[in-house]
Amino acid sequence: MFINSIFSKPSQSLSVENDTGLDRKIVILDVGCRWGFTDKFTQNLEEFHIYGFDPDTQECELLSERYAGQPVTIVPLGLAGQSGRRSLYLTRQPACSSLLEPDPDLTNNYPALQCASHVSTAQVDTVTLDSWAEENGVHAIDHIKIDTQGTELEILEGGARSLQLVRSLEVEVEFNPIYLGQPVFSDVDQYLRSQGFVLWKLTNHVHYSWDGSTNEPIGEDFICYDEKHRLHHPIYGGQLYWANAHYIKKSVLNPTLNSVAQIRRDSVLFQALGMPDVTSRNSPVAITPLR
């Protein structure tokens with residue numbers, strides 16, 4: 001079995017035994033994996049090995065049962081900037097729980113943020129990404145998705161060595177903090193650029209209003225894709241709070257800096273991510289397509 005129990009060491013047998021043309025499985029980290037993993041990875045698990053992190057041990061047990069027999073490793077730990085014990089602020093909606101305390105001014109006055117109201121506190125074990133990777137022999141991570149309600153930056157800082165080989169990231173970023181002491185987009189962006197990443201796009205822009213009165217549009221905005229597409233959409237009230245930021249390692253864009261094996265992995269990864277344009281300039285290398 002590929003799945004690991006809560007108390008076992010992860011298997012490191014990541015060789016590819018099918019006709020994908022890959023030299024090894026592509027390693028995916030999903031940090032904050034409540035509810036499971038996206039279809040874009042689980043539909044092609046012959047190419048991927050997924051590691052999912054969550055400090056909720058009950059959720060991890062459910063996910064272990066759900067993905068039993070698949071190349072998935074569930075890790076019942078919270079990633080953080082330092083290893084040790086931390087307070088986990090449990091919220092009305094468990095998915096909003098965080099190592100940071102929710103801002104009561106927001107959760108008490110913004111209807112859409114009542115889900116993040118603090119209801120209790122628990123002590124959980126945390127570990128840095130780099131220390132976990134070293135201890136478990138995970139030598140190369142290709143893609144990381146992080147959605148941890150405000151601690152994304154400290155997790156990235158605790159994984160500086162691991163980031164050297166990472167090819168892409170999807171990070172939930174806040175433009176205005178929802179949790180006390182939460183870093184915002186500019187902090188995350190500055191750090192990732194210092195680590196050799198560039199911003200590719202933002203998705204899922206989420207706005208909140210103090211009274212929830214966003215029933216009628218108040219204007220119009222547009223999105224342009226080169227000079228070919230100009231998509232208009234209505235604007236509603238509320239302040240922009242968060243979105244998903246998609247980053248890629250800058251070297252991905254220059255195929256001369258990468259081996260043939262790396263280019264093959266990049267092509268499969270970005271195709272699965274729905275971002276085939278990232279590696280379109282690497283077309284001279286024959287890539288075995290996903291089935």
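**View 1. The largest nonpolar core of the predicted model.** Welcome to the interior of this predicted model, where the largest nonpolar core gathers 30 residues. Leu29, Trp132, Ile144, Leu163, Leu169 and Leu192 are the members that touch the most other members. Helices and strands both feed this core: α4 (129-136), α5 (152-157) and α7 (185-194) each supply at least two residues, and so do the strands β1 (26-31), β2 (48-53), β7 (143-146), β8 (168-174) and β12 (239-249). The top contributor is α7, which gives four residues. A second, separate core is made of 25 residues, among them Phe48, Leu63, Ile248 and Met275.

**View 2. Leu169 and its surroundings.** Here we move to Leu169, one of the residues that touch the most other members of the largest core. Setting aside residues up to four places away in sequence, Leu169 touches His143, Ile144, Leu156, Leu163 and Leu192. The list continues with Phe197, Ala245, His246 and Tyr247.

**View 3. Leu29 in strand β1.** Next comes Leu29, which sits in strand β1. Is Leu29 buried or exposed? Its relative accessible area is 0%, so Leu29 is buried. Beyond its neighbours within four places in sequence, Leu29 is in contact with Tyr51, Phe53, Leu129 and Trp132, and also with Ile141, His143, Ile144 and Lys145. For a sense of scale, try the pair Leu29 and Thr203: 174 residues separate them in sequence, and their C-alpha atoms are 19 Å apart in space.

**View 4. Thr73 in strand β3.** Strand β3 (residues 72-75) is home to Thr73. With a relative accessible area of 2%, Thr73 falls under the 20% cut-off and therefore counts as buried. A handy reference point is Leu63, ten residues away in sequence, with 9.4 Å between the two C-alpha atoms. Leu63 itself is among the residues of the second core.

**View 5. Two loop residues with positive phi.** Most residues other than glycine have a negative phi, so these two are worth a look if you enjoy checking backbone torsions. Trp35 is found in the loop between β1 and α1 (39-42), and its phi is near 80°. The side of the story told by accessibility is simple: at 59%, Trp35 counts as exposed, because the cut-off is over 50%. Asp226 lies in the loop between β10 (219-225) and β11 (229-235), with phi near 50°. Its relative accessible area is 67%, so Asp226 is exposed.

**View 6. Stepping back to the protein chain.** Finally, the whole chain: eight helices and twelve strands. How does its radius of gyration sit beside that of a compact globule? For 291 residues such a globule would have a value near 19 Å, and the protein chain has 20 Å, which agrees. Along the principal axes, the C-alpha atoms fill a box of roughly 55 × 55 × 35 Å. Of the 291 residues, 48% count as buried. Among contacts between residues at least 6 apart in sequence, 69% join residues at least 24 apart. The accessible surface comes to about 14,300 Å², and carbon and sulfur atoms account for 51% of that area. As for charge, the chain has 22 positive and 37 negative side chains, and the centres of these two sets lie 7 Å apart.

Notes:
Residues numbered from 1 in each chain as written. Predicted model: local features only at pLDDT ≥ 70, side-chain atom pairs only at ≥ 80, totals over all residues. Heavy atoms only, no water. Rg over C-alpha atoms; globule rule 2.2 N^0.38 Å. Buried < 20%, exposed > 50% of the residue type's maximum accessible area, 1.4 Å probe, protein only. Contact = heavy atoms within 4.5 Å. Areas by Shrake-Rupley, 256 points an atom, 1.4 Å probe, with all protein chains shown as cover. Lys, Arg positive; Asp, Glu negative; His and termini not counted. Charge placed at Lys NZ, Arg CZ, Asp CG, Glu CD. Core = buried A, V, L, I, M, F, W, Y, C linked by side-chain atoms within 4.5 Å.
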